Amino acid sequence: MLTILFDGVAYGMLLFILACGLAVTLGLMNFVNLAHGAFAMAGGYVTVVLMQRFGVPFLACLPLAFVATALLGALAERTLYARLYSRSHLDQVLFSIGIVFMSIAAVDFLMGSQQQIVQIPAFLRGRVEILGVGVGVYRLLIIGLCGVLTLLLQWALASTRFGSQLRAAVDDARAARGLGIEVGRIFVVTFAVGSGLAGLGGALSAEIVGLDPTFPLKFMLYFLIVVTVGGTSGLTGPLLAALLLGVTDVAGKYLVPGLGAFIIYFVMIAILMLRPQGLFARGSA
Amino acid sequence: MSDASTLNGAAAPSGTPSGTPASTAPRDFLIGKSRWKPAEFAFWAVAVGALFALPDRHLLLNEIAILGLFTLSLDLILGFAGIVSLGHAAFLGIGAYAAGLLTKHGVSEPLTGLLAAGALAGAVGFLSSFLILRGTDLTRLMVTLGVALIFHELANRLDWITGGADGLLGVAPGPIAGLFEFDIFGTTAYAYSLAVLFVLFLLARRIVHSPFGLSLRALKDNRLRAGSLGIASARRIVAVYTLAAVYAGIAGALLTQTTQFVSLEILDFARSADALLVLVIGGTGYLYGGLVGAVAFTLLKDGLSAITPAYWLFWMGLFLVVLVLVGRDRMVERVRGLLARAVGRRA
């Protein structure tokens, strides 16, 4: 039972890292980016290529996946996304669906449509007993890593100069610009970091949930749930939503396999009905 | 040039300048708007002409007609009520499965199946429309997507009824109204689909030009303002969403009856996304968008899959991205301008 809970928490943490970039672009900047999963997939494939073709060890791949996806994100933000911030939601939806389609076909073309396998090193594969509960070392690593990143993000957003500039830029880009904040630069950096984290999440998750070209579509809903259910008040909401989702999903799959996915969809719709702004909304003012 | 104006521009009615509405009585204004234009006659003439002129392409034409009907139903909620839906395929799927199951279990007369499928999809649409009344664009996106996923999962899990991932096989509809047998060239199928499409199109055309249709546009442009004018927004959204669901359900039933097969893929997210794409290619908010888009989309898909069978998705994605970056309103306006000029020169 506790093992299920533990796996669920690990999964939730992973979802949070995957989705926290989206929490900023969609939650704070109000940009409907359905293509967030494409960046996560990019991170996963960077890891696969580095490990299989160049023999880079797994742990060294993680920062590289982050950097590569962050660069990709920065490039995409500058060339494409920046033009769409002020467009209607329909335009943003169409645009990002287009990106998803392109990324799926491109990866299919370059890497093939089969499931990719990421070999994690032997010392991460075992299980250890903590307080009588058997837990996977790899999942422990994920929880630790994601926990640290979460604290780091929360600190960066809440207490650094950059964080307050970002919040100002999101709340009112014009006023922020008037105060001498380089809004464009802030958004690039934010988008790049968000994409990079998604890439890192993609690299970490390849072992757990698998990696194939349909990844962006399969997990699109999960990311969106994390953000919409979590609300837009900051990172705490999405984090709790991700944990809730992770535990529900894993527990559902273990305990009532016949119902698995239904629970999530129903819970999501119910929550959105009761609280359209998400569980942890900023005041409506 | 501003974004707000392009947004509203999408809702602006198409076609010829409508004179000075202020000076005419409201009744005359509405009638003037709903008058048939020459291009409309031409469009339907071509559609019927294709039945005789392209005898070996009837299967493709049938596909176009059904996609056109499906997109028309999406246009009703997106183009006229401004609801962005990512889960419209749910109703297509419900209609398809309803018609398929009905045919398999005895009632093989297609028109009956059509009505039953429309009624069932409409009932589900009515119930789920209450879910989209609240919240922002994003909430609606999520809810429509979630509803579609639930039905996808249902169809997948209830495999003793729906055939699960294998799809529903062996659907053999009888002759339409006991008179017209389906043939393997799709001739009956195309004629049937086109007739259904035309009837439903007429109905939709009547509805959007009615005061009800105008009030929907008012809602789309500014819900708050419409509300303060005394337009009951919730009731109208429920009504139009239900209507769109009925249309989509009938499109699904047509698809089942003419292809004699239902696959799980009909409930895929890609279906909903395709419908959005089709509608955007054709332009929203003037009813013909879905039909024109369906023609363009199907030909495009057909052409692209002939060139690169596995990767046409890439070009479709690229097309979407470019379309949005160029500005879809501008593109539609330009094409419409060219058409208007061509028609004007001939007249």
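Q: How far apart are the mean positions of the positive and negative charges of chain A?
A: They're 6 Å apart, taken over 16 positive and 11 negative charges. Lys and Arg count as positive and Asp and Glu as negative, while His and the chain ends are not counted. Each charge is placed at NZ of Lys, CZ of Arg, CG of Asp or CD of Glu.

Q: What kind of model is this, and what does it take for a feature to count?
A: It's a predicted model, where local features need pLDDT of at least 70, side-chain atom pairs count only at pLDDT 80 or more, totals for chains, interfaces and linings use all residues, and side-chain values use heavy atoms, with hydrogens and water left out. Residues are numbered from 1 along each chain as its sequence is written, with chains lettered from A and ligands numbered from 1 in the order in which they are written.

Q: How do you know how confident the predictor is in chain A?
A: Look at pLDDT, the predictor's confidence in each residue, from 0 to 100. Chain A averages 82, and 93% of its residues score at least 70. Within chain A, helix 3 (residues 58-79) has the highest mean at 88, and strand 1 (residues 127-130) the lowest at 69.

Q: And what is the picture for chain B?
A: Its mean pLDDT is 82, with 88% of residues at 70 or more. Residues 1-21 of chain B fall below 50, and that stretch makes 20 contacts (heavy atoms within 4.5 Å) beyond near neighbours in sequence.

Q: What makes up the secondary structure of chain A?
A: Eleven helices and two strands. These are DSSP runs numbered from the N terminus: helices are H or I over at least four residues, strands E over at least two. The order from the N terminus is α-α-α-α-β-β-α-α-α-α-α-α-α.

Q: Why is chain A called as compact as a globular protein of its length?
A: Its radius of gyration is 19 Å, close to the 19 Å that the globule rule gives for 285 residues, so the label fits. The radius is taken over C-alpha atoms, and the rule is 2.2 Å times the number of residues to the power 0.38.

Q: Why is B:Asp166 called exposed?
A: Exposed means over 50% relative accessible area, buried under 20%, and partly exposed in between (1.4 Å probe, protein chains only). B:Asp166 comes in at 63%, so it counts as exposed. You'll find B:Asp166 in the loop between helix 8 (159-162) and helix 9 (187-208) of chain B. Its C-alpha atom is 9.0 Å from that of B:Asn156, ten residues apart along the chain.

Q: What makes B:Gln260 partly exposed?
A: Its relative accessibility is 34%, so it goes in the partly exposed class. B:Gln260 sits in the loop between helix 12 (233-259) and helix 13 (269-282) of chain B. It isn't a glycine, yet its phi is positive, about 60 degrees.

Q: Why is B:Leu287 called buried?
A: At 3% relative accessibility, B:Leu287 falls in the buried class, so the name applies. B:Leu287 is in the loop between helix 13 and helix 14 (288-307) of chain B, and has a positive phi of about 70 degrees although it is not a glycine.

Q: How many residues of chain B count as buried, as a percentage?
A: That's 49% of the 347 residues. For chain A, buried residues make up 58% of 285.
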